[in-house]
Amino acid sequence: MPLPTFEEFVNGSWKKACYSRLKASTRIRTDSALQTQLIPTFGAKPLDQINLIEIHSWFERYSSISPGGANRVLDILKQIFNYAIEYGLIQNNPTDRLKRNPRHKHTRFLSQTEINKLHQALDSHRGRYSGRQQVDIIRLLLYTGCRKGEIIQLRWSEYHGDMLYLHDSKTGQRAVFLNSQAQEILKRQPKTSSKYVFPSRHNPSQPRSTELSLWRKVKRIASLNDVRLHDLRHTFASHAVKSKVPLPIVMRLLGHSREHMTLRYAHINDAETEAAAERIGINLESVLRSGSLPN
């Protein structure tokens, strides 16, 4: 008896057994991965005819565009094949020998000059529906420090003037304080029948795609080729620290669940601290030379 195709298995046995266990936000990411990557690539092939060479070829193509996105979709594909093994349809997982893309190890911040270049590149874009959405989403990522999924999946019910109350962020429910720039962006979003602030044009009952293709064009125009979209979140945090915002408040602004995640930004003011220490040393030396110490 022939095995089901990848699409048949995903929409049948796998979805019944595994899909319902996923968080709402994870379902959205999974749906996007299936519809934009996995089903178009592997959907028509029987499970036992999908091999490592084909998967590696797909992974290389997607990695050249989005290394992190390729890793996330690969994780979903691996889980689907693991369930196919558990279900008794195949014996081996063809993704087992495929290595994920290495994680970006350094934390990149945009300088004020680079931020200006980014805004100029965004201003130069005169796109239609999807393009306008992407411009506003990119700016919101910079102005709020939110994660991409938190903005793309934002619902009108979570927006309250100068606050966002996110129901399903990575670390659970959390509040996001909106500065005036972020408020202006959200105020100008058209109100439709969709519950999402940035709905899909083709299916307004769903949020827009997580793929922000405009980012590649914008960062090329702004000469920011080594900058990832997630670095806008790091930039928000770095400028908060430079503005003397205490780290516990930065932790709250970013929605971090652990202090060590925020502490990576503690070094940002090291240059200022070093300069202050140098000034103190000079003052102490002058006191010592005068032969008197303060009481």
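On the face of helix H11 turned away from its buried side, the predicted model places the exposed residues Pro248 and Arg252. The buried side of this helix, which spans residues 247–254, holds Val250, Met251 and Leu254. These three lie on the same side of H11 because they cover an arc of only 105 degrees around the axis. The spacing fits a familiar pattern: an α-helix has 3.6 residues a turn, so residues three or four places apart point the same way. After H11 comes Gly255, with a positive phi near 70 degrees.

Turning to the aromatic rings, the model contains 10 aromatic pairs. One of them joins Phe6 and Phe42 in an edge-to-face arrangement, with 6.3 Å from centre to centre and 65 degrees between the planes. This contact links distant parts of the chain, since Phe6 belongs to helix H1 (residues 6–18) and Phe42 to helix H2 (residues 24–42), 36 residues apart. Both partners are buried: Phe6 has a relative accessible area of 0%, and Phe42 has 1%.

Tyr83 and Tyr87 form a tilted pair, with centres 5.7 Å apart and planes at 35 degrees. Here the surroundings of the partners are mixed, as Tyr83 is buried at 12% relative accessible area, whereas Tyr87 is partly exposed at 45%. Ring pairs also connect Phe6 and Phe42 with Trp58, Phe59, Tyr62 and Phe81 in a cluster.

Rings meet charges as well. The charged end of Lys15 is placed over the ring of Tyr19, 5.0 Å from the ring centre. Likewise, the charged end of Lys191 sits over the ring of Trp156, at 4.6 Å from its centre.

Notes
Residues numbered from 1 in each chain as written. Predicted model: local features only at pLDDT ≥ 70, side-chain atom pairs only at ≥ 80, totals over all residues. Heavy atoms only, no water. Buried < 20%, exposed > 50% of the residue type's maximum accessible area, 1.4 Å probe, protein only. Helix = DSSP H or I, 4+ residues; strand = E, 2+ residues; numbered from the N terminus. Arc of directions from axis to C-beta. Phe/Tyr/Trp six-rings, centres within 6.5 Å; stacked < 30°, edge-to-face > 60°. Lys NZ or Arg CZ within 6 Å of the ring centre and 35° of its normal.
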